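Open the model in your viewer and set it to cartoon. Keep a selection box ready. Each stop below tells you what to pick and what you will find.

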Amino acid sequence: MPEISRRAAGLGTENAFVVLAEVNALARQGRDIISFCIGQPDFPAPENVQRAAVRAIQSGKHGYTPSAGIDELREAAARYMAAMRGNLPIRPEDVVVGAGAKPFIAYAVLSTTDHGAGDEVIYPNPGFPIYESQIIAHGAKAVPIHLHESRNFSFDPGELAKLLNKRTRLLILNYPHNPTGGLLSRRELEEIAAVLREHPQVWVYADEIYSRLTYSGTFFSIAQLPGMYERTIISDGASKTWAMTGWRLGFTSNPVLAPLFTRWITNTDSCASQISQWAALEAINGPQDAAEAMKASFLERRDLIVELLNQVPGVKCQVPGGAFYVWPNLTEACRMIGAQDSEEFRKRLLNEAGVALLADIHFGSRVPGEGQHVRFSYAASKQAIEQGVGRMADFIRNNTQKAA
């Protein structure tokens with residue numbers, strides 16, 4: 001039997017889907033499972049977006065499009081991303097449309113590093129697991145920068161200065177952040193930009209897919225700071241804002257790299273779904289009532305889950321600034337029930353109490369000295385939040401008594 005490559009054998013994954021498989025297996029056995037493991041809106045796409053997709057199908061828009069996307073969507077996405085970010089000078093030709101925002105992580109690594117050359121990419125830890133996976137798969141060195149609970153899950157710019165060197169080619173920033181829900185403030189971004197000005201060879205990948213789900217003030221992008229626009233890859237899309245995860249439609253902007261990203265798409269996907277592109281055009285240009293209603297609902301759920309979690313024995317939960325995730329610290333809860341770490345806690349909670357979460361190790365190596373954490377996605381109903389957190393509280397109380 002022929003062997004598979006070391007690259008394929010070592011390829012990482014997104015553990016939310018691994019845990020989801022566990023949840024589905026238990027559900028098939030008749031178990032009642034409340035799941036908080038998948039990060040996607042629990043709303044349908046807005047009705048005007050659905051109608052636009054139907055119109056596209058009925059009018060025969062079934063074929064390939066240019067690899068960079070239809071002109072109408074590139075123009076709309078350029079206006080949208082520019083207006084969201086202090087009227088940046090984004091042109092339609094700077095925008096590339098893809099089958100979701102995720103592929104641009106790979107395209108950014110591929111376009112800024114050379115395989116096996118010792119090039120380094122700095123990425124947030126904990127963080128979206130595909131960052132590290134794609135860096136390693138494409139032959140660069142993955143360099144984590146740790147996020148700290150004491151800094152509301154941002155990193156110390158001084159630590160960034162220590163990690164940057166002549167081999168660094170790319171810095172990945174994600175805000176609002178998955179998995180912690182943390183934000184980078186304008187002041188923090190200014191400090192990061194000041195450090196980066198000493199290293200002009202470093203590109204920035206700004207993963208801003210949750211930009212419309214910012215609850216504390218107005219969203220601010222590092223691309224808005226002096227000298228940062230040309231070297232920043234702005235990544236956004238339709239998935240989170242308009243509940244279009246399965247439509248697979250993302251858009252990314254950079255005035256230098258856009259032609260390269262277009263070529264990568266030609267080599268991989270050919271183009272994004274034409275039907276999804278016309279739907280995304282309507283999402284951007286049409287009424288924003290549904291998107292704003294979703295955001296308001298997520299804010300209510302955030303406040304609810306934070307309040308409830310902080311009443312659970314052994315659990316502390318900060319208030320996240322955006323996205324739809326909380327990252328509670330359950331170091332004390334693990335001690336109380338005799339769980340070795342958050343992953344043992346997660347497994348026991350799923351199998352004994354029927355509550356599905358993700359552990360911190362699903363988002364990178366555990367940050368030294370930061371304790372044990374889990375991720376809840378609060379893209380779930382208020383009833384599910386109340387019942388799920390209630391089950392977790394009962395699970396801790398019951399197992400504390402057993403441990404005692």
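The tour visits the sheets, then a crossover, some backbone oddities and a buried helix. Keep in mind that this is a predicted model.

**Stop 1: the seven-stranded sheet**

Start by selecting the strands of the sheet. There are 7 of them, in an open sheet with the order 2-8-7-6-5-3-4. The pairing is mixed. Color the two edges: strand 2 and strand 4 each pair on one side only. Neighbouring strands are turned by 20 degrees against each other on average, direction ignored.

Now add helix 4 (71-84). Helix 4 packs on the sheet and touches strand 2, strand 7 (232-237) and strand 8. Its direction makes about 115 degrees with that of strand 2.

**Stop 2: strand 3 and its partners**

Select strand 3 (120-125) next. Strand 3 runs parallel to strand 5, and 3 bridges join them. For one landmark, pick Glu120, which stands opposite Thr168 in strand 5.

Turn to the pairing with strand 4. Strands 3 and 4 are also parallel, over 6 bridges. Here Tyr123 has Pro144 of strand 4 as its bridge partner. Follow the chain from strand 3 through helix 6 to strand 4. Which hand does this β-α-β crossover have? The crossover is right-handed.

**Stop 3: helix 6**

Select helix 6 (129-137). How many of its 9 residues are buried? The count is 7, so the cut-off matters here: buried means under 20% relative accessible area. The buried residues are Pro129, Ile130, Tyr131, Ser133, Gln134, Ile135 and Ala137.

Show what covers them. Among the covering elements are helix 1 (6-9), helix 5 (103-112) and strand 3. Strand 4, strand 5 (168-174) and strand 6 (203-207) belong to the cover too.

**Stop 4: just past helix 6**

Step into the loop between helix 6 and strand 4 (141-146), where you find His138. Is His138 buried or exposed? His138 is buried, because its relative accessible area is 18% and the limit is 20%. Display its contacts beyond four places in sequence: Ala106, Val109, Leu110 and His115.

Move on to Gly139, just after helix 6. Gly139 takes a positive phi of about 80 degrees.

**Stop 5: two cis peptide bonds**

Select Asn125 and Pro126. The peptide bond between them is cis, with omega near 0 degrees. Pro126 sits in the loop between strand 3 and helix 6.

Jump to Tyr175 and Pro176. Their peptide bond is cis as well, with omega near -15 degrees. Pro176 belongs to the loop between strand 5 and helix 8 (186-196).

**Stop 6: positive phi without glycine**

Select Asn152 and Phe153. Asn152 lies in the loop between strand 4 and helix 7 (157-163). Phe153 lies in the loop between strand 4 and helix 7. Asn152 is not a glycine, yet its phi is positive, at about 55 degrees. Phe153 has a positive phi near 65 degrees, and is likewise a residue other than glycine. Check the surroundings of Phe153: with a relative accessible area of 8%, Phe153 is buried.

**Stop 7: helix 10**

Select residues 274-285, which make up helix 10. Put a distance label between its end C-alpha atoms: they are 17 Å apart. At 1.5 Å a residue, 12 residues should span 16 Å, so the two values agree.

Why is helix 10 called largely enclosed? Because 9 of its 12 residues are buried. Those are Gln274, Ser276, Gln277, Trp278, Ala279, Ala280, Leu281, Ala283 and Ile284. Show their neighbours: helix 3 (47-58), helix 4, strand 2 (95-98) and strand 8 (250-253) pack against them.

Finish this stop at the N-terminal end. Ser273 caps helix 10 there. A side-chain oxygen of Ser273 lies 3.3 Å from the backbone nitrogen of Ile275.

**Stop 8: the three-stranded sheet**

Last, select strands 9, 12 and 11. These 3 strands form an open sheet in the order 9-12-11, and the pairing is antiparallel. Strand 9 (325-326) and strand 11 (358-359) are the edges, each pairing on one side only. Zoom in on strand 9 and strand 12 (374-377), which run antiparallel and are joined by 2 bridges. As a last pick, take Tyr325: its bridge partner in strand 12 is Ser377.

Key. Residues are numbered from 1 along each chain as its sequence is written. This is a predicted model: local features need pLDDT of at least 70, side-chain atom pairs count only at pLDDT 80 or more; totals for chains, interfaces and linings use all residues. Side-chain values use heavy atoms; hydrogens and water are left out. Helices (H or I, at least four residues) and strands (E, at least two) are DSSP runs, numbered from the N terminus. Buried means under 20% relative accessible area, exposed over 50%, partly exposed in between (1.4 Å probe, protein chains only). Contact means heavy atoms within 4.5 Å. Two strands pair if DSSP finds at least two bridges between them. A crossover is right-handed if, with the strands pointing away from the viewer, the path from the first strand over the helix to the second runs clockwise. The expected span of a helix is 1.5 Å times one less than its number of residues. A polar contact is a pair of N or O atoms within 3.5 Å; within protein, one must be able to donate a hydrogen and the other to accept it, and residues adjacent in sequence count only if both atoms are side-chain atoms. Axes are lines fitted to C-alpha atoms, for helices over the stretch in contact, and angles run from 0 to 180 degrees between N-to-C directions.
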